[in-house]
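The following exercises introduce a structure step by step. Each task is followed by a worked solution.

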Amino acid sequence: MKFAIILAGCGVFDGSEIHEATMTMLAIAQNGGSYELFAPDVKQHHVMNHLKGEEMEEQRNVLVESARIARGKIKALREYKPEDYDALIIPGGFGVAKNLCTYAVDGTDFSVDRVVEEALRSTHAAGKPIGALCISPVLLAGIFDGIDVTIGKDENTAADIEKLGAIHIEAGPGEVVTDNANKIVSTPAYMLDSGIADIYDGARNLVKAISELTGEK
């Protein structure tokens, strides 16, 4: 299987969560698949000092920062075509809620980056599975009506998902929730108090569930 992965920068507080992104790539490779990385070519919402947890007075680009995780091998999301891939996955991290959409600022009234929404809608329309880790299911809930997803057990975020019209299903570390009708698979990852082994288990189970949705093993 060939996967597309959408990144949202580099670092848990202002971009993609690096462990989740890396474990997703590892899970795909160990399942015999391949992947290509994408990110929107837009300014970051802001830049965080990950050592101090403080906002920095500088501006960065989401695609350029995502290239750090991709070891430079990444494409602008506008180049993504669902017909070239079997599935699409979005790792978590605050960048999903700050750079791919505005959930971190606007709550359930958030807007979604136009290119991100187009990529997700076209993938769904093509009948291709979509995987979401950590906070990413909130993004999907803002686009697709009535989907089944999980962010683990956080009551406030689960309530927001329900308010957006989706159905939240509780899940534990490493577990996945599969919406067979909509071909959407989600796992809580660091939305729970998880260790890196749990993150890998969730990524591995998510990739396996997506493979099963496409008839692959």
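## Exercise 1: The sheet

The model is predicted. In it, seven strands build an open sheet, ordered β5-β2-β1-β6-β7-β11-β10, and their pairing is mixed.

**Task.** State which strands form the edges of this sheet, and describe how β11 is paired with β7 and with β10.

**Solution.**

Step 1. The edge strands are β5 (75-76) and β10, each of which pairs on one side only.

Step 2. Strand β11 pairs with β7 in the parallel sense, over four bridges. Within this pairing, S186 of β11 is the bridge partner of A132, and I130 stands opposite I184.

Step 3. With β10 (residues 177-179), β11 pairs in the antiparallel sense, over three bridges. Here D179 has I184 as its bridge partner in β11.

Step 4. Four residues lie between the strands in the hairpin of β10 and β11, where K183 takes a positive phi near 55 degrees.

Step 5. The side chains of β11 (residues 184-187) complete the description: I184 and S186 point one way, V185 and T187 point the other way, and all are buried.

## Exercise 2: The nonpolar cores

**Task.** Identify which residues of the largest nonpolar core touch the most other members, and name the elements that each supply at least two residues of this core.

**Solution.**

Step 1. The largest nonpolar core has 37 residues, and L120 and L139 touch the most other members.

Step 2. At least two residues of this core come from each of β1 (2-6), β6 (87-90), α3 (94-100), α5 (114-125), β7 (130-133), α6 (136-141) and α7 (155-163).

Step 3. Another core lies apart from this one; it has 31 residues, including F3, I5, A39 and V62.

Step 4. The contacts of L139, not counting residues up to four places away in sequence, are I90, V96, L100, C101, F110, V112, V116 and L120.

Step 5. A general principle applies to such groups: in soluble globular proteins, nonpolar side chains tend to be buried together.

## Exercise 3: Two helices with a buried side

**Task.** Determine which residues of α2 and of α7 are buried, and what they pack against.

**Solution.**

Step 1. In α2, the buried residues are V62, L63, E65, S66 and I69. Their arc around the axis covers only 160 degrees, so they lie on the same side of α2. V64 and R68, on the other side of α2, are exposed.

Step 2. The buried residues of α2 pack against α1 (18-30), β2 (34-39), β5 and α3. One of the buried residues is S66, with a relative accessible area of 0%. Not counting residues up to four places away in sequence, S66 touches L7, A8, G9, A39 and I74.

Step 3. The N-terminal end of α2 is capped by N61, with a side-chain oxygen 2.8 Å from the backbone nitrogen of L63. Just after α2, R71 takes a positive phi of about 55 degrees.

Step 4. In α7, the buried residues are T157, A158 and I161. They cover an arc of only 100 degrees around the axis and therefore lie on the same side of α7. On the other side of α7, E155, N156 and K163 are exposed.

Step 5. The buried residues of α7 pack against α4 (103-106), α6, β8 (148-149) and β9 (167-168). Just after α7, G165 takes a positive phi of about 100 degrees.

## Exercise 4: Salt bridges

**Task.** State how many salt bridges a search of the whole structure finds, and examine the pairs K75 with E36, R60 with E65, and R204 with D201.

**Solution.**

Step 1. The search of the whole structure finds eight salt bridges.

Step 2. K75 and E36 meet through their side chains at 3.5 Å, N to O. Because K75 lies in strand β5 and E36 in strand β2, this pair ties together parts that are 39 residues apart in sequence. K75 is partly exposed at 34% relative accessibility, and E36 is partly exposed at 24%.

Step 3. R60 and E65 form a salt bridge at 3.3 Å, N to O. R60 is partly exposed, with a relative accessible area of 27%, whereas E65 is buried, at 6%.

Step 4. In the salt bridge of R204 with D201, the closest N and O atoms are 3.1 Å apart. The two residues, R204 and D201, are three residues apart in helix α8 (residues 196-213), so about one helical turn separates them.

Step 5. Finally, E58, R60, E65 and R68 are joined into one network by salt bridges that share partners.

Conventions
Residues numbered from 1 in each chain as written. Predicted model: local features only at pLDDT ≥ 70, side-chain atom pairs only at ≥ 80, totals over all residues. Heavy atoms only, no water. Core = buried A, V, L, I, M, F, W, Y, C linked by side-chain atoms within 4.5 Å. Buried < 20%, exposed > 50% of the residue type's maximum accessible area, 1.4 Å probe, protein only. Contact = heavy atoms within 4.5 Å. Pairing = 2+ DSSP bridges. Arc of directions from axis to C-beta. Polar contact = N/O pair within 3.5 Å; in protein donor to acceptor, adjacent residues only side chain to side chain. Salt bridge = Lys/Arg side-chain N within 4 Å of Asp/Glu carboxyl O.
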